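Biologist: Before I rely on any description of this protein, I should like to hear the reasoning behind each term. May we go through the model together?

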Amino acid sequence: MRGPRLGTSYRRALLDAELARLAPDLTGIVLDVGGKRVPRGSFRRQEERARRWILLNMDAAERPDVIANAETLPLRCGCVDRIVCTEVIQYVDRYEDMLEEFARVLVPGGRIVLSAPLLHRPDHPLDRHRFSAARLGELLDRDGLRVEAVSQQGRFFTSLAHMLRQATAQVGSRPLRALAALPVLPLGALLLAMDRLPGVARSPFLSSYATGYLVTARKP
């Protein structure tokens with residue numbers, strides 16, 4: 001049985017759209033922490049805008065430019081203009097050390113683009129942390145990094161749609177998964193539309209839910 005494709009998760013789609021919006025600012029020397037040679041999702045690195053785009057990863061199989069742990073970056077102080085760290089911090093044991101390292105290697109005026117999930121299932125044994133927007137702000141501020149903007153990937157109804165889609169994607173049988181997707185995908189589209197209603201953004205309760213956050217911060 002062939003049915004509708006589930007495609008990219010709602011969180012990933014929202015995150016990729018935000019990264020595409022920020023892409024023009026990713027210039028100079030860009031350090032992509034956890035970056036992979038084959039990109040995740042639909043966002044594509046615009047390496048032609050950067051003087052150099054450096055992929056850093058602990059996994060040699062990802063063919064990074066630098067094989068290293070983000071908690072101890074093998075880079076000199078003040079040598080990086082931009083840092084991209086998407087969906088990585090939840091796997092890092094000493095994430096405070098990682099953020100301290102980011103502050104160290106950034107040039108004055110350099111920026112960080114960092115994303116972290118909130119209402120998203122742990123997808124790996126090392127996926128052990130979740131962060132609110134307030135907590136991300138506190139951590140960055142502790143290292144002298146000034147938060148410039150926080151974008152929220154969805155509210156209550158998007159979070160609900162995201163979890164329904166994730167549950168459907170875990171159905172082991174392909175025919176049953178295709179059958180389950182038939183109502184889940186249009187329901188998801190409806191829930192995403194509901195999330196865009198003005199009343200949802202104004203509601204302290206409904207707007208307190210999120211699949212996660214993307215934060216941009218600057219080193220003074």
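Biologist: Why is arginine 82 called buried?

Modeller: This is a predicted model, and the terms rest on values computed from it. Arginine 82 has a relative accessible area of 11%; buried means under 20%, so arginine 82 is buried. The residue lies in strand 4, which spans residues 80-86.

Biologist: Which residues are joined with arginine 82 by salt bridges that share partners?

Modeller: Such salt bridges join Asp25, Arg82, Arg111, Glu148 and Arg218 into one network. Arginine 82 and arginine 111 are 29 residues apart in sequence, yet their C-alpha atoms are 5.0 Å apart in space.

Biologist: What makes aspartate 81 and arginine 51 a salt bridge?

Modeller: Their side chains meet at 3.9 Å, N to O, and the rule asks for a nitrogen within 4 Å of a carboxyl oxygen; therefore the pair counts as a salt bridge. This pair links distant parts of the chain, with aspartate 81 in strand 4 and arginine 51 in strand 2 (residues 50-57), 30 residues apart. By this rule the count comes to 17 salt bridges.

Biologist: How do you know whether aspartate 81 is buried or exposed?

Modeller: Its relative accessibility is 19%, and the limit for buried is under 20%, so aspartate 81 counts as buried. Its partner, arginine 51, has 65%; exposed means over 50%, so arginine 51 counts as exposed.

Biologist: What is the closest distance between N and O atoms for glutamate 71 and arginine 94?

Modeller: The closest N and O atoms are 3.2 Å apart, and the two residues form a salt bridge. Glutamate 71 counts as buried because its relative accessibility is 9%, under the 20% limit. Arginine 94, at 37%, falls between 20% and 50% and therefore counts as partly exposed.

Biologist: Why is helix 2 called oblique to helix 3?

Modeller: The axes of helix 2 (residues 95-105) and helix 3 (residues 133-142) come within 9 Å and cross at roughly 50°. That angle is neither under 35 degrees nor within 65 to 115 nor over 145, which makes helix 2 oblique to helix 3. The crossing is right-handed.

Biologist: What makes methionine 163 partly exposed?

Modeller: Methionine 163 has a relative accessible area of 44%, which lies between the limits of 20% and 50%, so methionine 163 is partly exposed. This residue lies in helix 4 and helps to make a nonpolar surface patch of about 400 Å² with Leu160, Leu164, Leu187 and Leu190. Helix 4 gives the most to the patch, with three residues.

Key:
Residues numbered from 1 in each chain as written. Predicted model: local features only at pLDDT ≥ 70, side-chain atom pairs only at ≥ 80, totals over all residues. Heavy atoms only, no water. Patch = residues over 30% accessible without salt bridge, like charges linked within 9 Å, V, L, I, M, F, W, Y side chains within 5 Å. Areas by Shrake-Rupley, 256 points an atom, 1.4 Å probe, with all protein chains shown as cover. Helix = DSSP H or I, 4+ residues; strand = E, 2+ residues; numbered from the N terminus. Buried < 20%, exposed > 50% of the residue type's maximum accessible area, 1.4 Å probe, protein only. Axes fitted to C-alpha atoms, helices over the stretch in contact; angles between N-to-C directions. Left-handed = near helix turned anticlockwise from the far one by under 90°.
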